[in-house]
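Here's a walk through the structure, one feature at a time. Keep the model open beside the text and turn it as you read.

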Amino acid sequence: MSTRSPALAAGRDDDAERPAIAPFWHLLKSFFLFPFQMEPLIFMALLALASYLLFLPGIVRLFAVVFLVLGASRYAFKVAALASRGVLHSRDYTNALNDPDWKVLPWKFFAILMVFAVFINFFTKLSLELGWVARLLVSMLIPAALMVLINTCRLRSAINPFELIATVSGVGKSYWLLCFFLFLL
């Protein structure tokens with residue numbers, strides 16, 4: 001039985017035909033069991049083996065770090081993007097839509113983090129208290145930025161404060177529960 005939405009299985013992206021998204025706490029079991037599925041387990045084993053390259057000297061170590069970070073982040077964004085579209089099991093990844101824009105999502109997310117860092121730095125230079133408020137605000141907006149980035153694949157939308165506020169208000173109280181859960185993790 002596939003966990004994909006009917007619109008995704010048919011190759012369409014119609015919001016009208018998509019079932020309602022279950023709250024994240026209903027999917028915690030599948031979240032924690034995901035690494036034990038065959039594809040993610042093999043991928044993590046390969047990354048673990050590749051991490052032995054970090055013991056080599058010089059430029060090989062630098063390439064190993066780039067390879068590991070890029071490989072892990074691209075796979076993580078693929079998992080997040082497909083899960084946001086209802087594909088919750090790795091066996092369905094080959095049949096799912098793979099948007100070419102997803103390949104650059106890690107770089108765009110890194111750019112978002114840099115924009116947030118500049119924001120925090122600006123307010124920290126004004127006052128330490130404002131810096132702490134900016135840090136708190138950014139930590140609460142990172143999940144929304146990630147949601148917007150995965151849905152639109154546009155950096156500009158993911159750093160737009162109005163877009164982020166609309167996402168937070170659209171998700172509602174569940175968003176604050178998600179932030180609390182991420183804080184506990």
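Before we look at the surface, a word on what a patch is: patches are made of residues with over 30% relative accessible area and no salt bridge, and nonpolar side chains are joined into one when they lie within 5 Å. Keep in mind, too, that this is a predicted model.

With that in hand, look for L53, L56, I59, V60, L62, F63 and V66, which form a nonpolar patch on the surface. Together these residues have about 630 Å² of accessible area. Take V60 as an example: this residue lies in helix α4, which covers residues 59–84. V60 has a relative accessible area of 36%, so it is partly exposed.

Now step back to the overall fold. The chain has 9 helices and 0 strands, so if you trace the elements from the N terminus on, you read α-α-α-α-α-α-α-α-α. Of the 185 residues in the chain, buried ones make up 27%.

What sits in the largest nonpolar core? This core has 28 residues, and those with the most contacts inside it are Y93, W102, L105, I112, F116, L149 and L164. Two or more residues come from each of α4, α5 (105–126), α6 (128–152), α8 (161–171) and α9 (173–184). The most generous of these is α6, which gives 8 residues to the core.

While you're on α6, find A145, which lies in that helix. Its relative accessibility is 0%, so A145 counts as buried. A145 and I165 are 20 residues apart in sequence, and their C-alpha atoms are 9.8 Å apart in space.

Just past this helix there's a backbone detail to check. C153 lies in the loop between α6 and α7 (155–159). Most residues other than glycine have a negative phi. C153 is not a glycine, yet its phi is positive, at about 60°. This cysteine is also buried, with a relative accessible area of 6%.

On to the aromatics. A pair of aromatic rings is described by the distance of the centres and the angle of the planes. The structure holds 6 aromatic pairs. One of them joins F43 and Y75: the ring centres are 4.3 Å apart and the planes are at 25°, so the pair is stacked. It links distant parts of the chain, with F43 in helix α3 (residues 38–50) and Y75 in helix α4, 32 residues apart. Are the two partners buried or partly exposed? F43 has a relative accessible area of 24%, so it is partly exposed, whereas Y75, at 13% relative accessibility, counts as buried. The cut-off behind that split is 20%, since buried means under that value.

Ring pairs also link F119, F122 and F123 into a cluster. Of these, F119 is in helix α5 and, at 30% relative accessibility, counts as partly exposed. F119 and G131 are 12 residues apart in sequence, with 8.9 Å between their C-alpha atoms.

One last ring is worth a look. R135 lies over the face of W132, at 4.8 Å from the ring centre.

Definitions and conventions
Residues are numbered from 1 along each chain as its sequence is written. This is a predicted model: local features need pLDDT of at least 70, side-chain atom pairs count only at pLDDT 80 or more; totals for chains, interfaces and linings use all residues. Side-chain values use heavy atoms; hydrogens and water are left out. Patches are made of residues with over 30% relative accessible area and no salt bridge: like charges are joined within 9 Å, nonpolar side chains (Val, Leu, Ile, Met, Phe, Trp, Tyr) within 5 Å. Accessible areas come from the Shrake-Rupley method with a 1.4 Å probe; for residues, only the protein chains shown count as cover. A salt bridge is a side-chain nitrogen of Lys or Arg within 4 Å of a carboxyl oxygen of Asp or Glu. Helices (H or I, at least four residues) and strands (E, at least two) are DSSP runs, numbered from the N terminus. Buried means under 20% relative accessible area, exposed over 50%, partly exposed in between (1.4 Å probe, protein chains only). Rings of Phe, Tyr and Trp (its six-membered ring) pair if their centres lie within 6.5 Å; planes under 30 degrees apart count as stacked, over 60 as edge-to-face and the rest as tilted. A charge sits over a ring if NZ of Lys or CZ of Arg is within 6 Å of the ring centre and within 35 degrees of the ring normal. A nonpolar core is a set of buried Ala, Val, Leu, Ile, Met, Phe, Trp, Tyr and Cys residues joined through side-chain atoms within 4.5 Å.
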